[in-house]
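Welcome, and thanks for opening the structure alongside this text. Keep your selection tool ready, and we will go from one stop to the next.

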Amino acid sequence: MKTATTDSGSQCVDVLIIGAGLSGIGGACHLRRNCPDRSFMILESREASGGTWDLFRYPGIRSDSDMYTFGYGFKPWNDKSSIADGHKILR
Ligand SMILES: Cc1cc2nc3c(=O)[nH]c(=O)nc-3n(C[C@H](O)[C@H](O)[C@H](O)COP(=O)(O)OP(=O)(O)OC[C@H]3O[C@@H](n4cnc5c(N)ncnc54)[C@H](O)[C@@H]3O)c2cc1C
């Protein structure tokens, strides 16, 4: 993985991902697997990753589409329930 530091001390990466929600985490995983020579960094403004699924904690929060198609291809959804509670998606 190639990283560089500029004269001003800034770190350079090939790909900068903004946000550690499902999209950012998924993108990072695809980069790690398919472009292992590319450097990347995820910047997340909150103190936790998970985006939507960490932010919203109200009772009853759940997916509204089936998790077999919503889940990552690289980490298939194996739970029995096809509609999942928020904490399961976050996990
Ligand atoms: C109740 C509910 C049910 C849902 N059900 C489904 C479903 O069944 N199927 C489906 O496809 N989708 C569903 N969604 C939509 C769901 O939000 C998205 O599918 C998915 O979780 C979005 O992921 P994301 O990473 O794109 O965005 P987010 O989860 O919003 O993550 C974005 C991240 O970026 C960070 N961020 C934003 N701006 C900056 C910045 N400037 N600098 C640094 N960090 C930043 C945020 O803090 C956040 O962590 C549902 C949403 C809700 C609320």
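## The largest pocket

Start with the largest pocket, which has a volume of about 460 Å³. Keep in mind throughout that this is a predicted model.

To find the middle of the largest pocket, select Y72, K75, K88, I89 and R91: of the 18 lining residues, these are the closest to its centre. Next, colour the helices. Helix 1, helix 3 (67-70) and helix 4 (86-90) are the elements that give two or more residues to the lining. Which of them supplies the largest share of the lining? Helix 4 does, with three residues.

Now colour the lining by class. You should find eleven nonpolar residues, along with three polar and four charged ones. Switch to colouring by domain, and you will see that domain 1 (1-51) and domain 2 (56-91) each provide at least three residues of the lining of the largest pocket.

## The ligand and its shell

For the second half of the tour, select the ligand and the residues around it. There are 19 of these, and S23, E44, T52, D64 and S65 come nearest.

Zoom in on some individual contacts:

- **S23:** show the side chain, where an N or O atom is 2.5 Å from an oxygen atom of the ligand.
- **S45:** show the backbone, where a polar atom is 3.1 Å from a nitrogen atom of the ligand.
- **T52:** stay with the backbone, where an N or O atom lies 2.8 Å from an oxygen atom of the ligand.

Turn on a surface next: on its own the ligand has 990 Å² of accessible area, and the protein covers 61% of that. Helix 1 (22-34) and helix 2 (52-55) are the elements that give two or more residues to the shell around the ligand.

How does the shell around the ligand divide by class? Colour it to see seven nonpolar, eight polar and four charged residues. For a last stop, return to the domain colours: the shell around the ligand takes at least three residues from each of domain 1 (1-51) and domain 2 (56-91).

Conventions:
Residues numbered from 1 in each chain as written. Predicted model: local features only at pLDDT ≥ 70, side-chain atom pairs only at ≥ 80, totals over all residues. Heavy atoms only, no water. Near = heavy atom within 4 Å. Polar contact = N/O pair within 3.5 Å; in protein donor to acceptor, adjacent residues only side chain to side chain. Areas by Shrake-Rupley, 256 points an atom, 1.4 Å probe, with all protein chains shown as cover. Helix = DSSP H or I, 4+ residues; strand = E, 2+ residues; numbered from the N terminus. Nonpolar A, V, L, I, M, F, W, Y, C, P; charged D, E, K, R; others polar. Domains from an automatic or database assignment. 1 Å grid on protein atoms, 1.4 Å probe; cavity = no way out; pocket = protein on both sides within 12 Å on 5 of 7 lines; lining within 4 Å. Points joined across faces, edges and corners; volume = space filled by probe spheres on them.
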